[in-house]
Amino acid sequence: QVQLVESGGGSVQAGGSLRLSCTASAFTYNSYTMGWFRQAPGKERMGVAAINSDGNTRYAEFVKGRFTISQDVAKNTLYMQMNSLKPEDSAMYYCAAARRRVLWPLGKNEYSYWGQGAQVTVSS
């Protein structure tokens, strides 16, 4: 059974940086599109960044220029470097996997597998 586990969340002051990781198991990593999503209390789950098996990336406008998604296929691991963090970036961040190539890589309904989430808190 596919399992995704996030790590690297925590608390940081505005302007700081964090690096999230997501490790997949029972998983042929390069057969999937991978994404990061976030959800704040009372808000919808939003796509943040995605990367496919060819290394092509997509970013939400609200993180462009600040966040970078990457992957190490050999290690079955997905990363997201988050720089210049803002209080509005505070959310639970989820790693997700789609079973095939997707047309809308930031759409949450494209993804079948989800991690448990990693909390990110940015203070002003």
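Is Ser84 buried, exposed or partly exposed? I'll start there. Ser84 comes out at 40% relative accessibility, so it counts as partly exposed. Before I go on, keep in mind that this is a predicted model.

So, Ser84. You'll find it in the loop between β8 and β9. The backbone there is a bit unusual: phi is near 50 degrees, a positive value in a residue other than glycine. As background, most residues other than glycine have a negative phi. Asn76 is another case, with a positive phi of about 50 degrees although it isn't a glycine either. That one sits in the loop between β7 and β8. Asn76 has a relative accessible area of 19%, and with the cut-off for buried at under 20%, it counts as buried.

Right after Asn76 we run into strand β8, residues 77–82, which holds Thr77. Thr77 has 7% relative accessibility, so that's a buried residue. What does its side chain reach? For Thr77, the side chain gets to the backbone oxygen of Lys75, at 2.8 Å.

Okay, on to strand β9, residues 91–98. Why do I call β9 largely enclosed by the rest of the structure? Because seven of its eight residues are buried.

Now the neighbours of β9. Strand β4, residues 33–39, runs antiparallel to β9, and seven bridges join the two. If you want to find the register on screen, look for Arg38, which stands opposite Tyr93 in β9. Then there's strand β11, residues 118–123, which pairs with β9 in the antiparallel sense over three bridges. There, Met92 has Gln119 as its bridge partner. And strand β10, residues 113–114, is antiparallel to β9 as well, with two bridges. In that pairing Ala97 is matched with Tyr113.

Staying with β9, let's do the cysteines. How many disulfides does the structure hold? One. It joins Cys22 to Cys95, with the sulfurs 2.0 Å apart. The two ends come from distant parts of the chain: Cys22 is in strand β3, residues 18–25, and Cys95 is in β9, 73 residues apart. Both Cys22 and Cys95 are buried. For anyone who cares about the geometry, the link between Cys22 and Cys95 is left-handed, with -70 degrees about the S-S bond.

Next, charges. The count comes to three salt bridges. Let me take Asp89 and Arg38, whose side chains meet at 2.8 Å, N to O. Asp89 lies in the loop between β8 and β9 while Arg38 is in strand β4, so this pair ties together parts that are 51 residues apart in sequence. How accessible is Asp89? At 0% relative accessibility, it counts as buried. Arg38 is buried too, with a relative accessible area of 12%.

Asp89 also has a salt bridge with Arg66, at 2.7 Å, N to O. That again links distant parts of the chain: Arg66 is in the loop between β6 (57–59) and β7 (67–72), and Asp89 is in the loop between β8 and β9, 23 residues apart. Arg66 is buried, and so is Asp89. Put those together and you get one network, with Arg38, Arg66 and Asp89 joined by salt bridges that share partners.

Then there's the salt bridge between Lys64 and Glu61, at 2.9 Å, N to O. What about accessibility here? Lys64 is partly exposed, at 47% relative accessibility, and Glu61 counts as exposed, at 63%.

Last stop, the aromatics. How many aromatic pairs does the structure hold? Four. Phe37, Tyr111 and Trp114 form one aromatic cluster. Now find Arg45, because there's a nice detail around Trp114: the charged end of Arg45 sits over the Trp114 ring, 4.8 Å from its centre. The charged end of Arg45 also sits over the ring of Tyr94, 3.9 Å from the centre of that ring.

To wrap up, the two spots I'd bring up on screen are these. One is β9, with seven of its eight residues buried and Cys95 bonded to Cys22. The other is the network of Arg38, Arg66 and Asp89. That's me done, happy to take questions.

Technical notes. Residues are numbered from 1 along each chain as its sequence is written. This is a predicted model: local features need pLDDT of at least 70, side-chain atom pairs count only at pLDDT 80 or more; totals for chains, interfaces and linings use all residues. Side-chain values use heavy atoms; hydrogens and water are left out. Buried means under 20% relative accessible area, exposed over 50%, partly exposed in between (1.4 Å probe, protein chains only). Helices (H or I, at least four residues) and strands (E, at least two) are DSSP runs, numbered from the N terminus. Two strands pair if DSSP finds at least two bridges between them. A polar contact is a pair of N or O atoms within 3.5 Å; within protein, one must be able to donate a hydrogen and the other to accept it, and residues adjacent in sequence count only if both atoms are side-chain atoms. Rings of Phe, Tyr and Trp (its six-membered ring) pair if their centres lie within 6.5 Å; planes under 30 degrees apart count as stacked, over 60 as edge-to-face and the rest as tilted. A charge sits over a ring if NZ of Lys or CZ of Arg is within 6 Å of the ring centre and within 35 degrees of the ring normal. A salt bridge is a side-chain nitrogen of Lys or Arg within 4 Å of a carboxyl oxygen of Asp or Glu. A disulfide is a pair of cysteine sulfur atoms within 2.5 Å.
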